[in-house]
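Here's a relaxed walk through a protein model for anyone meeting it for the first time. Have the sequence and the 3D view at hand, and let's go piece by piece.

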Amino acid sequence: MFTLPDLPYKYNALEPFIDEETMKIHHDKHHQAYVDKLNTALENHTDLQSMKIEELLMDIKKVPDEIRQAVINQGGGHFNHSFWWEILSTGGSKEPTGKIKEEIEKVWATFDKFKEEFTKNATTLFGSGWTYLAADENGTNFHIHNHPNQENPLLHNHIPVLGLDVWEHAYYILYKSQRPEYVKNWWNVINWDKVEEKFNKASK
Ligand code: MN3
C-alpha cells in the first residue's frame, strides 16, 4: 500500500512565496487523496501494490485496462506531489550549479533563456497540469514539456528533473487567478541541490 510521505520541512518554510495554508491543504488533503484513491484502485491487485510508483507509471501498459486511467490519475498525482515536496526549499542556491548548469547552457544558452521557456510553458498550459524538465530514456536530450492533469514524463519513459505544479490548488489562496505571479515567485523556492542530484542520476 502507498503512503503519504512527510513534508521534509515545515508548512511555513516556503513563505512568503508559497503560504502555509496552501502547503497544509496541498499536502494533507490533495496529496493524501491521491494516495487513498490509488490504494482503492489497487485493492484487488496485490501484485501491483508492492511495486514502486515509478515502476507502475513507467510500465503503465502492464496495468490492467479497468484501472489504468485511475493509476495514471491517482498514481500520477502521488508521484508528482512526492517529487514536488522534494524539489522545493528555501535558503539554498538561487541558480543551478555544476553539471546541470552546463547542460542548461548547452541547450538554452543561458539560465535566463531556460527560465523564459519554462515560464512560457507553465503560464500557457491550458487547464490543470505540470511543466517538467526531463531527459529522454537514454539520459540525454533534456527538454521542457507540459503534461495535462497528473500525467508526467515517466509515462513516456522519460526521466523527470524539475517539475512545476500549475493546478489552481497549488496557488489559488495566495495568488488567486494570477498564475504568472505564482510561476515568477516559484523560482525562489527551488532546491537546486536536489534538482542537480536528479539531473546527475538521469544523465549519462
Ligand atoms: Mn498539486
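How are H5 and H9 oriented to each other: roughly parallel or roughly perpendicular? Before getting to that, keep in mind that what you're looking at is a predicted model.

## Two helices that cross

Helix H5 covers residues 98-108, and helix H9 covers residues 192-202. Their axes come within 8 Å and cross at roughly 75°. An angle from 65 to 115 degrees counts as roughly perpendicular, so H5 and H9 are roughly perpendicular to each other.

Who does the touching? From H5, the residues in contact are Gly 98, Lys 99, Ile 100 and Glu 103. Across from them, H9 brings in Trp 192, Val 195, Glu 196, Phe 199 and Asn 200. Sort the residues of this contact by character and you get four nonpolar, two polar and three charged.

Now step into the loop between helix H8 (179-186) and H9, where you'll find Asn 191. Is Asn 191 buried or exposed? With a relative accessible area of 19%, and with buried meaning under 20%, Asn 191 counts as buried. Setting aside its neighbours within four places in sequence, Asn 191 is in contact with Glu 86, Ile 87, Leu 88 and Ser 89.

## The manganese site

Which residues are the protein donors of the manganese ion? They are His 26, His 81 and His 169, each through NE2, plus Asp 165 through OD. These donors lie 1.9 to 2.2 Å from the ion. Along the chain, they follow the spacing H-x54-H-x83-D-x3-H.

One pair here ties together distant parts of the chain: His 26 sits in helix H1 (residues 20-41) and Asp 165 in strand S3 (residues 159-165), 139 residues apart. His 26 and Asp 165 are both buried.

## A sheet of three strands

S3 leads us straight to the sheet. In general, the strands of a sheet pair through backbone hydrogen bonds, either parallel or antiparallel. In this model, three strands form an open sheet in the order S2-S1-S3, and the pairing is antiparallel. S2 and S3 are the edge strands, each pairing on one side only. On average, neighbouring strands of this sheet are turned by 30° against each other, direction ignored.

Strand S1 (residues 129-135) is mostly covered, with seven of its seven residues buried. Gly 129, Thr 131, Leu 133 and Ala 135 point one way from S1, while Trp 130, Tyr 132 and Ala 134 point the other way.

How many bridges join S1 to strand S2 (residues 143-148)? There are six, and the two strands run antiparallel. Six bridges also join S1 to S3, again antiparallel. To find your way around the S1-S2 pairing, look for Gly 129 opposite Pro 148, and for Thr 131 with Asn 146 as its bridge partner in S2. On the S3 side, Leu 133 stands opposite Leu 162.

## Backbone spots to look at

Most residues other than glycine have a negative phi, and most peptide bonds are trans. Here are some places in the model that go another way.

| Place | Backbone feature |
|---|---|
| Asn 149 | positive phi of about 55° |
| Asn 157 | positive phi, near 60° |
| Glu 15 and Pro 16 | cis peptide bond, omega about 5° |

Asn 149 lies in the loop between S2 and S3. Asn 157 has its place in the loop between S2 and S3 too. How accessible are they? Asn 149 counts as partly exposed at 40% relative accessibility, and Asn 157 is partly exposed with a relative accessible area of 34%.

The cis bond takes us to the segment before H1, where Pro 16 lies. Ala 13 is found in the segment before H1 as well. With a relative accessible area of 24%, Ala 13 is partly exposed. Ala 13 and Thr 90 are 77 residues apart along the chain, yet their C-alpha atoms are separated by 7.0 Å.

Definitions and conventions
Residues are numbered from 1 along each chain as its sequence is written. This is a predicted model: local features need pLDDT of at least 70, side-chain atom pairs count only at pLDDT 80 or more; totals for chains, interfaces and linings use all residues. Side-chain values use heavy atoms; hydrogens and water are left out. Axes are lines fitted to C-alpha atoms, for helices over the stretch in contact, and angles run from 0 to 180 degrees between N-to-C directions. Helices (H or I, at least four residues) and strands (E, at least two) are DSSP runs, numbered from the N terminus. Angles under 35 degrees count as roughly parallel, over 145 as roughly antiparallel, 65 to 115 as roughly perpendicular and the rest as oblique. Contact means heavy atoms within 4.5 Å. Ala, Val, Leu, Ile, Met, Phe, Trp, Tyr, Cys and Pro count as nonpolar, Asp, Glu, Lys and Arg as charged, and the others, Gly among them, as polar. Buried means under 20% relative accessible area, exposed over 50%, partly exposed in between (1.4 Å probe, protein chains only). Donors are N, O and S atoms within 2.8 Å of the metal (3.2 Å for Na, K and Ca); water is not among the atoms, so sites may look incomplete. Two strands pair if DSSP finds at least two bridges between them.
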